[in-house]
Amino acid sequence: MADGTEHSALDDFDRRILQVLAEDGRISMRALAERVHVSRANAYVRVERLERSGVLRGYTARVDHARAGFGTSAYIGLSIRQDAWKGVAEHLRELPYVEHFALVGGDFDVVLLVRTPDNAALRDVVLVSLQALEGVRSTRTWLIFDEADGPGALGPPDPGTVG
């Protein structure tokens with residue numbers, strides 16, 4: 001691959017395992033095996049292989065950010081100098097409230113998802129932290145009023161085989 005990333009060959013069982021784990025990362029191996037119709041030993045082997053190959057990078061909790069005290073969320077677009085990406089990325093990895101960021105093509109160079117306790121904290125992230133960052137030319141902020149999850153890259157589970 002041009003980006004240095006190797007792709008693992010996934011079969012239908014691997015994809016179903018990933019779908020189930022994306023829904024419930026705390027599922028027992030026995031229940032996982034039952035849901036994808038493989039033996040428990042086979043499920044263990046497959047999950048370990050997915051972990052070793054880096055396809056399965058970890059397990060997370062899905063947080064209701066508003067209930068956790070982070071009721072203000074926004075996407076922020078950054079226009080940066082062409083040579084500034086590495087420095088900007090280093091800073092963003094350490095900046096409080098940044099949940100996710102990506103280098104993108106289009107009207108902006110970087111898009112961030114930020115979750116803060118309130119508008120004052122969001123203002124500080126944008127006006128104090130981001131706009132003062134070396135290499136940032138401009139910012140644009142879109143407040144998030146409501147959110148929902150889509151099926152994700154793996155798609156919805158096949159009800160006939162998973163579940």
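**Strands 2 and 3.** I looked up the pairing of strand 2 with strand 3 in this predicted model. Strand 3 covers residues 110-116, and five bridges join strand 2 to it in an antiparallel run. I noted two positions along this pairing: F101 has L112 as its bridge partner in strand 3, and A102 stands opposite V111. I then followed the connection and found a hairpin, with six residues between strand 2 and strand 3. In the turn, G106 has a positive phi of about 130°.

**The whole sheet.** I next asked in which order the strands of the sheet lie. The sheet is open, its four strands have the order 2-3-1-4, and the pairing is antiparallel. Strand 2 (98-103) and strand 4 (136-143) stand at the edges; each has a single partner strand, so one side of each is left without a neighbour in the sheet. I recorded an average twist of 20° from one strand to the next.

**Helices on the sheet.** I checked which helices lie against these strands. Helix 4 (residues 85-94) packs on the sheet and touches strand 1 (72-80), strand 2, strand 3 and strand 4. The direction of helix 4 makes about 165° with that of strand 2. Helix 5 (residues 119-130) lies across strand 1, strand 3 and strand 4, and I noted that helix 5 runs at about 10° to strand 1.

**Aromatic pairs.** I found three aromatic pairs in the structure. One of them is formed by W85 and F101, with 6.1 Å centre to centre and 65° between the planes, an edge-to-face arrangement. W85 belongs to helix 4 and F101 to strand 2, so this pair ties together parts that are 16 residues apart in sequence. I also asked whether W85 is buried or exposed. W85 has 24% relative accessibility and therefore counts as partly exposed, because the buried class requires under 20% and the exposed class over 50%.

**Helices 1 and 3.** Finally, I turned to helix 1 (residues 12-23) and helix 3 (residues 40-52). Their axes come within 11 Å and cross at roughly 80°, so I entered the two helices as roughly perpendicular to each other. On the side of helix 1, the contact is made by F13, D14, I17, L18 and L21; helix 3 contributes R46, V47, R49 and L50. I made a separate entry for F13: R16 lies over the face of its ring, at 4.5 Å from the ring centre.

Definitions and conventions:
Residues numbered from 1 in each chain as written. Predicted model: local features only at pLDDT ≥ 70, side-chain atom pairs only at ≥ 80, totals over all residues. Heavy atoms only, no water. Pairing = 2+ DSSP bridges. Axes fitted to C-alpha atoms, helices over the stretch in contact; angles between N-to-C directions. Contact = heavy atoms within 4.5 Å. Phe/Tyr/Trp six-rings, centres within 6.5 Å; stacked < 30°, edge-to-face > 60°. Buried < 20%, exposed > 50% of the residue type's maximum accessible area, 1.4 Å probe, protein only. Lys NZ or Arg CZ within 6 Å of the ring centre and 35° of its normal. Parallel < 35°, antiparallel > 145°, perpendicular 65-115°, else oblique.
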